Amino acid sequence: MTAILNVLGAGLVLVAVRDVFDTLLHPHGHGVVSQTLIRGVWRGSRVLVRGNHHVLSLAGPVAFIGVIATWGGLVVLGFALIIWPHLPDDFAISEGIDATQQGGFVDALYLSMVNLASLGYGDIVPTADLLRLLAGPLETLIGLGLLTASISWILFLYRVLSDYRSLSHEISVLTEAERASDIGIAGIEPAVAAGVLSDLTSRVIAMRDDFVHSPIAYYFHPRDARHALPVLLPELLEVVERCSGPDRAAALRFQAAMLAQAIEDLLLTIAEDFTREPTQDVHEALAGYRRDHLWAHT
C-alpha cells in the first residue's frame, strides 16, 4: 500500500511540474492540464453568461487563478500521499502534540502545505533520511518555483493583454478617423498610408505569436466592443480592401497585401487552435471567432 501511494503521489507531482513546464516554457504553451481547465472554464462561462460580456470578461482571470490553484493542489496532494503512509512513525512530533492522534491524511495534507509554502513550523519533522529530503527541501523548492513561475506568467500575460488593447485601440482610432474625416486612409499620401498599414501588420503578427505562445490570452474577453478584435477585424479587412485596388500606389498595395496575409494567419490560427473549426477561408474563421466571443450579432 505504501508503494502504491508513493508512486501515485510522485505521479501527481510530476504531472504538475510537467504541466508548468509545458504551459510556461514550451514554445506553444500547451499544458494538458492547464488547457483542459482553461477551455472548460471558457465553455462553461459562455453557457452561463447568456450574452453578458461583463460577466464573460471574468472567464480569463478565473481560469488563470484556477490553473495556478490546480498546480499547487496537485503538488500538495502528491506529497501528502508520499508522507501519509509514514506518519507518525517516521516523524518527530513536538511536545504538546499528541503523537497518538497524528497519522491521518489531514495531517499529511497539513504538513505538505506547510512545506510547499516554506513556513517551517517544525511541529512535525521527518526523521528518515529520504523523507527529510522529500518532505521538506524538495517540496519547498517546487513551491518557490511555482510562485516564481506564476509571477512571471502574470507579467508576461499583462504585456500580451496590453498589446491586444493597443492593437484594438489603434484599429478603432483608424476607422473612426476615416468616418470623421470622410477621406479614408487610401485617399491620403501613399507613403503615409503604407506606414500606418506597416505598423498594423507588425502588431497583428505579434498578436498571432502571442496567442500561440500564451494561449490563455485568447480567453481574456474585452467588455467593450471597441476593444474587441472579433468586432474590429472586419473593419480592418475593409480598409485593406480599399487600399488594394489596382489604381493604388504600388507601395500601398504591397503593404495592404502584407496586412491581409497577417490577418489571415491570425484568424486561421484562431480557427485551428481555439475555436476548433479548422478552415482555409478567412471569413469563416472570422465568423467562428466572433461566435466564440459572443460578438456574432454585433
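**Helix packing, pocket lining and local backbone features**

Ser112, Asn115 and Leu116 in H5 meet Ala135, Gly136, Glu139, Thr140 and Gly143 in H6. By class, this contact of H5 with H6 comprises two nonpolar, five polar and one charged residues. The structure examined here is a predicted model. Two packed helices are described by the angle between their axes and the distance between the axes. For helix H5 (residues 105–116) and H6, the axes come within 7 Å and cross at roughly 55°. The two helices, H5 and H6, are therefore oblique to each other, since the oblique class takes in angles that are neither under 35 degrees, nor over 145, nor from 65 to 115.

Helix H6 (residues 129–181) also contributes to the largest pocket, where seven residues from this helix form the largest share of the lining. Rolling a probe the size of a water molecule over the atoms shows where empty space is left. The space in the largest pocket amounts to about 340 Å³. Its lining consists of 14 residues, and Leu161, Ser162, Tyr164, Arg165 and Phe220 are those that lie nearest the centre of the pocket. In terms of residue class, eight nonpolar residues line the largest pocket, together with three polar and three charged residues.

Positive phi values were computed for two residues other than glycine, as described below. Arg276, which is not a glycine, has a positive phi of about 60°. This arginine, Arg276, is found in the loop between helix H9 (250–273) and helix H10 (282–292). With a relative accessible area of 45%, Arg276 is partly exposed, because that class lies between the limits of 20% for buried and 50% for exposed residues. Leu294 likewise is a residue other than glycine with a positive phi, in this case near 60°. Leu294 is found in the segment after H10 and, at 26% relative accessibility, counts as partly exposed.

Ala262 lies in helix H9. The relative accessible area of Ala262 is 5%, and Ala262 is therefore buried, the limit for this class being under 20%. When residues up to four places away in sequence are not counted, Ala262 touches Thr201, Val204 and Ile205. Between Ala262 and Leu157, the separation is 105 residues in sequence and 22 Å in space, taken from C-alpha to C-alpha.

Terms used. Residues numbered from 1 in each chain as written. Predicted model: local features only at pLDDT ≥ 70, side-chain atom pairs only at ≥ 80, totals over all residues. Heavy atoms only, no water. 1 Å grid on protein atoms, 1.4 Å probe; cavity = no way out; pocket = protein on both sides within 12 Å on 5 of 7 lines; lining within 4 Å. Points joined across faces, edges and corners; volume = space filled by probe spheres on them. Helix = DSSP H or I, 4+ residues; strand = E, 2+ residues; numbered from the N terminus. Nonpolar A, V, L, I, M, F, W, Y, C, P; charged D, E, K, R; others polar. Axes fitted to C-alpha atoms, helices over the stretch in contact; angles between N-to-C directions. Contact = heavy atoms within 4.5 Å. Buried < 20%, exposed > 50% of the residue type's maximum accessible area, 1.4 Å probe, protein only.
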